[in-house]
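Could you look through the points below with the model open beside you? They are meant as a colleague's reading notes.

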Amino acid sequence: MSGLNIGRRFDNKPLMLPWPGCPHIQIGGETGSGKSGVCNSTIGAVAGHTDTAIVGIDLKLVELSPWSRRLTSLATTPAEADRLLVDLRRLIATRAAWLEDNGHRKWQSAFGPWVLVVIDELAELQALDADLLAGVIETGEGGQQAIRQAKTGRQVRTGLLGGLARLARFCGITIVGATQYPSAEVIDQQIRTQLTIKIMLRVASGEQVAVCLGQGYANAISPKSIGPNERGGLWIVGLPDTAKPIRARAHLVTDADVAARVAGTAHLTPSYETVFGKDTADAFQAY
Ligand SMILES: Nc1ncnc2c1ncn2[C@@H]1O[C@H](COP(=O)(O)OP(=O)(O)OP(=O)(O)O)[C@@H](O)[C@H]1O
Ligand SMILES: [Mg+2]
């Protein structure tokens with residue numbers, strides 16, 4: 001286990017995420033608190049690993065695109081997100097069946113690439129398909145049907161993510177999901193319980209501490225413990241090696257850092273076919 005160094009703890013040790021085989025991660029905190037920064041430091045830390053594919057879902061368009069040359073896939077529209085989630089579900093099914101057939105219980109490097117799935121703004125996955133709705137506004141036709149379709153799309157996306165979260169880890173796939181307020185309305189409860197490492201950046205209230213870290217922490221951790229100017233300041237719970245919440249600060253990753261890291265690691269990016277095989281949603285749709 002090499003681990004990912006994503007920041008510095010207040011006891012001056014490096015803040016390490018276990019890698020490979022990291023449990024899923026939830027990142028919460030108010031706008032501007034540094035959630036995308038944590039995504040960036042995590043991607044930056046994993047980017048140098050030869051046996052690792054990184055895929056992203058970024059419906060806000062701006063957060064993950066600087067990494068695109070190190071990403072095996074980047075979904076920036078609801079339709080692309082759906083396709084990627086479907087392909088990930090298939091990948092899990094294939095990998096799970098393979099593990100079973102070969103008598104293994106867990107993924108190993110020799111079996112194929114580890115996969116990091118970064119979703120910057122989980123809440124956006126709940127968005128209705130804007131392209132679909134824009135068509136309705138332009139043409140004024142098929143309104144009700146399009147809205148129904150868009151709502152179904154949203155449900156399908158949530159369902160896919162739930163199944164993913166439950167099964168992914170044993171198949172070498174880790175999900176990192178960031179959102180301002182990771183309440184049950186934003187992330188299905190079933191998904192939330194699967195995101196076992198919780199990272200909380202600055203929040204405004206005790207209630208939000210409970211939402212970000214879990215009910216039990218609302219009294220133990222003050223929302224004021226992370227100052228307004230301490231961007232990237234965080235609490236983390238659920239790391240495998242310690243029961244206590246850990247106070248830390250993520251490394252600052254600048255645009256220049258991202259550019260340099262991408263330049264140095266883009267050649268390590270596995271192709272879509274290497275990771276997902278030939279039988280992907282795209283191939284499927286072509287028939
Ligand atoms: N670890 C860090 N150390 C110092 N500054 C940071 C750190 N992380 C982020 N920042 C600063 O804070 C700003 C906002 O961070 P970031 O974009 O990650 O917030 P966010 O929580 O993703 O916000 P939003 O909800 O709007 O997406 C960054 O532009 C950066 O300047
Ligand atoms: Mg952000």
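The notes below take up the metal site, two helices, the empty spaces and the aromatic rings.

1. Basis. This is a predicted model, in which local features need pLDDT of at least 70 and side-chain atom pairs count only at pLDDT 80 or more, whereas totals for chains, interfaces and linings use all residues. Residues are numbered from 1 along each chain as its sequence is written, chains are lettered from A and ligands numbered from 1 in the order in which they are written, and side-chain values use heavy atoms, with hydrogens and water left out.

2. Metal site. The magnesium ion (ligand 2) has as its protein donors Ser-36, through OG, and Glu-63, through OE, at 2.1 to 2.7 Å; donors here are N, O and S atoms within 2.8 Å of the metal (3.2 Å for Na, K and Ca), and since water is not among the atoms, sites may look incomplete. The pair joins distant parts of the chain, for Ser-36 belongs to helix α1 (residues 35-46) and Glu-63 to the loop between β4 (52-57) and β5 (73-75), 27 residues apart. Helices (H or I, at least four residues) and strands (E, at least two) are DSSP runs, numbered from the N terminus. Ser-36 is buried, with a relative accessible area of 16%, while Glu-63, at 23%, counts as partly exposed; buried means under 20% relative accessible area, exposed over 50% and partly exposed in between (1.4 Å probe, protein chains only).

3. Helix α1. Eleven of the twelve residues of α1 are buried, among them Lys-35, Ser-36, Cys-39 and Asn-40. From its first C-alpha to its last, α1 reaches 17 Å, close to the 16 Å expected at 1.5 Å a residue, where the expected span is 1.5 Å times one less than the number of residues.

4. Largest pocket. The largest pocket holds about 270 Å³ of space. Of its 14 lining residues, Gly-34, Gly-37, Arg-231, Leu-252 and Val-253 are the closest to its centre. Two or more lining residues come from each of α1 and β10 (246-250), and α1 gives the most, with four. On a 1 Å grid over the protein atoms alone, a pocket is an open set of points with protein on both sides within 12 Å along at least five of seven lines, a cavity is a set where a 1.4 Å probe fits but cannot get out, and lining residues have an atom within 4 Å of a point.

5. Cavities. Two cavities of 30 Å³ or more are present. The largest has a volume of about 60 Å³, and its lining includes Leu-122, Thr-158, Leu-161, Asp-188 and Ile-191. The second largest holds about 30 Å³, and its lining includes Leu-122, Leu-161, Ala-165 and Ile-191; α4 (143-167) and β7 (173-179) each supply at least two residues of that lining. Grid points are joined across faces, edges and corners, and a volume is the space filled by probe spheres set on the points.

6. Helix α4. The 25 residues of α4 should span 36 Å at 1.5 Å a residue, and the end C-alpha atoms are 37 Å apart, which agrees. Thr-158, Leu-161 and Ala-165 are among its buried residues.

7. Aromatic rings. The structure holds four aromatic pairs. In one of them, the ring centres of Trp-107 and Phe-111 lie 5.5 Å apart with planes at 85°, so the pair is edge-to-face; rings of Phe, Tyr and Trp (its six-membered ring) pair if their centres lie within 6.5 Å, and planes under 30 degrees apart count as stacked, over 60 as edge-to-face and the rest as tilted. Trp-107 is buried, with a relative accessible area of 8%, and forms one aromatic cluster with Trp-98 and Phe-111.
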